[in-house]
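Below are my comments on the model, set out as numbered points. Please read them with the structure open alongside.

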Amino acid sequence: VSTQSTGGPRYEQVSSFTEDGGGGGNYTGLRIRWDGSNVHVIADSILYSIASTDHVTCCAAARDGRVFVVGYRSGLVTVQPLQYEQSSKSVTNMGAARYLTGHVHPITTVQINRAFSVIVSADTSGRVIIWDLNLMTYVNYFETRESPVSCLRVSDTLGDIVTVSSSSRDSKNMSLPGLPSSMESVSEIYLHTVNGKYISWSRCSHVITALAISVMSEGLYKNVIATGFENGSIWLWNTWNLQVVSDIQTNFTSPILALEFSHDSYSLSAGSREGRLMVWTQTHPTNN
């Protein structure tokens, strides 16, 4: 689960899950902390630090803890290969950082997807760039509306890219039920293929603050996109056409900052700004 504080250091949990062969496993417990121009890899203590003259705006790590990606205010994206040894709780630098250039605006979010060997980065202009994780080269790009991309996820089953942009719009010119005739914050959610081809788009009258995608076997089950909102609610969306399929009832009273499905998608965890955590679990997944 990723968390972000308001003012002060920001943190990203490296959710590295190691199977033990019997359906169980354990997490590495790694975290990334960034503040200003410094990035720190942390277990029980700081294990590795990356310093820069540029201002760090976001950070991500592969679930195996071997690739760390940093986004900067200048639009630069860097990729640092590292090796984490859980037994000794040590981090080893596995080579020089690679520099990915293509953005000219501050990076807002980055994601690594091992299943499709891509890095996806987004900036304040709404531009999203897809990079080859193995070759560290540019693949393609697409653009959302001229609003910063606030959330981004890549599906492990289909490779589809889900992005969210939030902005203030004049509700007089929108057909959104329940909105007063004034400037209101809304979110737009986009779905593209792993190659950047547009699939679908939708708009909702609440600000989306967190994203997650389930990882059930395609063809046997229908995966969903989970969105957490500023008002504490959670919606589930169809991954094929972005139709809302469910509204999960929560008792959160503050924005949801983190959403994550378990490795088998039997459970969905949500964390709020007020520091509360809720988990929803189903005994057996259904195909509808």
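1. I begin with Thr109, which is placed in strand 12. Thr109 counts as buried because its relative accessibility is 10%, under the 20% that sets the limit for a buried residue. Leaving aside neighbours within four places in sequence, the residues in contact with Thr109 are Cys58, Val120, Ser121, Ala122, Val149, Cys151 and Leu152.

2. The model is a predicted one, and its confidence should be kept in view throughout. The mean pLDDT of the protein is 81, with 79% of the residues at 70 or more. Strand 14 has the highest confidence, at 98, whereas strand 2 (residues 17-19) has the lowest, at a mean of 30. The pLDDT is below 50 over residues 1-27, a stretch that nevertheless has 66 contacts in the model beyond near neighbours in sequence. Over residues 170-182 the pLDDT likewise stays under 50, and here the model has 18 contacts beyond four places in sequence. I would ask that any discussion of these two stretches quote the confidence values together with the contacts.

3. As to the overall make-up, the protein has 26 strands and 0 helices. Of its 288 residues, 47% are buried. Among contacts with a separation of 6 or more, 39% are accounted for by residues 24 or more positions apart.

4. The largest nonpolar core consists of 16 residues, and those with the most contacts inside it are Val67, Val69, Val79, Leu100, Ile112 and Ile119. At least two residues of this core come from each of strand 7 (56-61), strand 8 (67-72), strand 9 (77-85), strand 12 (107-113) and strand 14 (127-132). Strand 12 makes the greatest contribution, with 3 residues; this is also the strand that holds Thr109. A second, separate core has 14 residues, including Cys151, Ile189, Cys204 and Trp235. Cys151, named in that second core, is also one of the contacts of Thr109.

5. Ile119 deserves a closer look, as one of the residues with the most contacts inside the largest core. Setting aside neighbours within four places in sequence, Ile119 is in contact with Val69, Val79, Leu100, Gln111, Ile112, Ile129, Ile130, Trp131, Leu133 and Met136. Val69, Val79, Leu100 and Ile112 in that list are themselves named among the residues with the most contacts inside the core.

6. Which backbone angles call for a comment? Met136, in the loop between strand 14 and strand 15 (137-143), has a phi near 55 degrees, a positive value in a residue other than glycine. Met136 counts as buried because its relative accessibility is 16%, and it is among the contacts of Ile119. Leu242, which lies in the loop between strand 22 (234-238) and strand 23 (244-248), also has a positive phi, near 60 degrees, and is likewise a residue other than glycine. With a relative accessible area of 2%, Leu242 is buried.

7. Finally, the count of cavities of 30 Å³ or more comes to 1, and the largest cavity has a volume of about 50 Å³. The residues that line it are Ser155, Thr157, Leu158, Asp160, Val162, Leu191, Ile213, Glu218, Asn223, Ile225 and Thr239. By class, this lining comprises 5 nonpolar, 4 polar and 2 charged residues.

Key. Residues are numbered from 1 along each chain as its sequence is written. This is a predicted model: local features need pLDDT of at least 70, side-chain atom pairs count only at pLDDT 80 or more; totals for chains, interfaces and linings use all residues. Side-chain values use heavy atoms; hydrogens and water are left out. A nonpolar core is a set of buried Ala, Val, Leu, Ile, Met, Phe, Trp, Tyr and Cys residues joined through side-chain atoms within 4.5 Å. Buried means under 20% relative accessible area, exposed over 50%, partly exposed in between (1.4 Å probe, protein chains only). Helices (H or I, at least four residues) and strands (E, at least two) are DSSP runs, numbered from the N terminus. Contact means heavy atoms within 4.5 Å. On a 1 Å grid over the protein atoms alone, a cavity is a set of points where a 1.4 Å probe fits but cannot get out, and a pocket is an open set with protein on both sides within 12 Å along at least five of seven lines; lining residues have an atom within 4 Å of a point. Grid points are joined across faces, edges and corners, and a volume is the space filled by probe spheres set on the points. Ala, Val, Leu, Ile, Met, Phe, Trp, Tyr, Cys and Pro count as nonpolar, Asp, Glu, Lys and Arg as charged, and the others, Gly among them, as polar. pLDDT is the predictor's confidence in each residue, from 0 to 100.
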